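Please follow the structure shown here from one strand residue to a helix and then to the nonpolar cores.

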Amino acid sequence: CMGFVSAECVKPDEGVYTDRLLDSSVSFMSKMNVNRKVMERKDLKQMIDEFIAQHDAICLACASDDFVRNTPLDFKYCNGCFYLVSEGGLKFRALLQNPNVCLTMFDSYKRGGSVTTLQVTGKLTRFPIWSDEYVKALEESWNSVERHKKSAIRINVLKIIPEKYEFFSYNLKKTDYDLKQVYIPDESDFK
C-alpha cells in the first residue's frame, strides 16, 4: 500500500481501519525518516517558538465519551503556555469533563510542495471569572480587562499547559533531521 489508501488496502467487508492500512501508514512514516536524526533540544524549541510566533489561530480538539469537537480559536502564547478566550460553545461539553486537549496549527498546504504543522497535546485549565489568574491572563494576553468588565457576556479564559509538541516539516527533508520532531517541555519552558 506504500502509505497511501488504495483499493487493495480497504476491502468493503473490512472497513477503512484495517490492520493493513494502519501498518502501511506507520511504514510510510518510518520510510520518510530513514537515516535521519533528532534535532538538538534548544534548536528544536527555537524552531517551534518561531513557528508559533508566525501564527495567530489554532484548532482546538477535545473529546468526552462519544462527543468530539474541533474549534478554531485565536490564541496568545506566553511563558510556554497557550491562552484562549471563549464565550462558550459546544466545546465546553467536552472540556468540562476531560481536560486533555490537542491543538494544531499549520501552514497552507500546496500540492506537491511542503507542509509544516505543529500538534500540541496538553492539559486545559479554566480560571474562575475575575480571579487573580483570570485578570492577569486578560491583562498579559489581550490587554482587555476593562472591555470585558463592561461586557454582558462573561468570557472564559483557558490555559493549555503543553505536555508534548510534535513538529512536522517537509523543510527538514533538506537536512539530515527526521521530518517529525518531538519536544517534551520541562519546568524551564514555563518561566
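Strands are taken here as DSSP runs of E with at least two residues, numbered from the N terminus. In this predicted model, strand β8 comprises residues 180-183 and contains Gln 181. Because its relative accessibility is 1%, Gln 181 counts as buried, and its side chain reaches the backbone oxygen of Asp 178 at 2.9 Å. Beyond residues up to four places away in sequence, Gln 181 touches Lys 37, Val 38, Met 39, Leu 44, Tyr 165, Glu 166, Phe 167 and Leu 172.

One of these contacts, Leu 44, leads to helix α2, where Leu 44, Lys 45, Ile 48, Phe 51 and Ile 52 are buried. These residues cover an arc of only 125° around the axis, which means that they lie on the same side of α2. An α-helix has 3.6 residues a turn, so residues three or four places apart point the same way. Lys 42 and Ala 53, by contrast, are exposed on the face turned away from the buried side of α2, whose buried residues pack against β3, β4, β5, β6, β7 and β8.

The largest nonpolar core has 32 residues, of which Leu 60, Phe 82, Met 105 and Leu 118 touch the most other members. Among the elements that give two or more residues to this core are α2, β1, β2 and α3, while β7 gives the most, with five residues. Leaving aside neighbours within four places in sequence, the contacts of Met 105 include Phe 51, Ile 52, Phe 82 and Leu 118. A second, separate core of 10 residues includes Val 85, Phe 127, Ala 137 and Leu 138.

Technical notes:
Residues numbered from 1 in each chain as written. Predicted model: local features only at pLDDT ≥ 70, side-chain atom pairs only at ≥ 80, totals over all residues. Heavy atoms only, no water. Helix = DSSP H or I, 4+ residues; strand = E, 2+ residues; numbered from the N terminus. Buried < 20%, exposed > 50% of the residue type's maximum accessible area, 1.4 Å probe, protein only. Polar contact = N/O pair within 3.5 Å; in protein donor to acceptor, adjacent residues only side chain to side chain. Contact = heavy atoms within 4.5 Å. Arc of directions from axis to C-beta. Core = buried A, V, L, I, M, F, W, Y, C linked by side-chain atoms within 4.5 Å.
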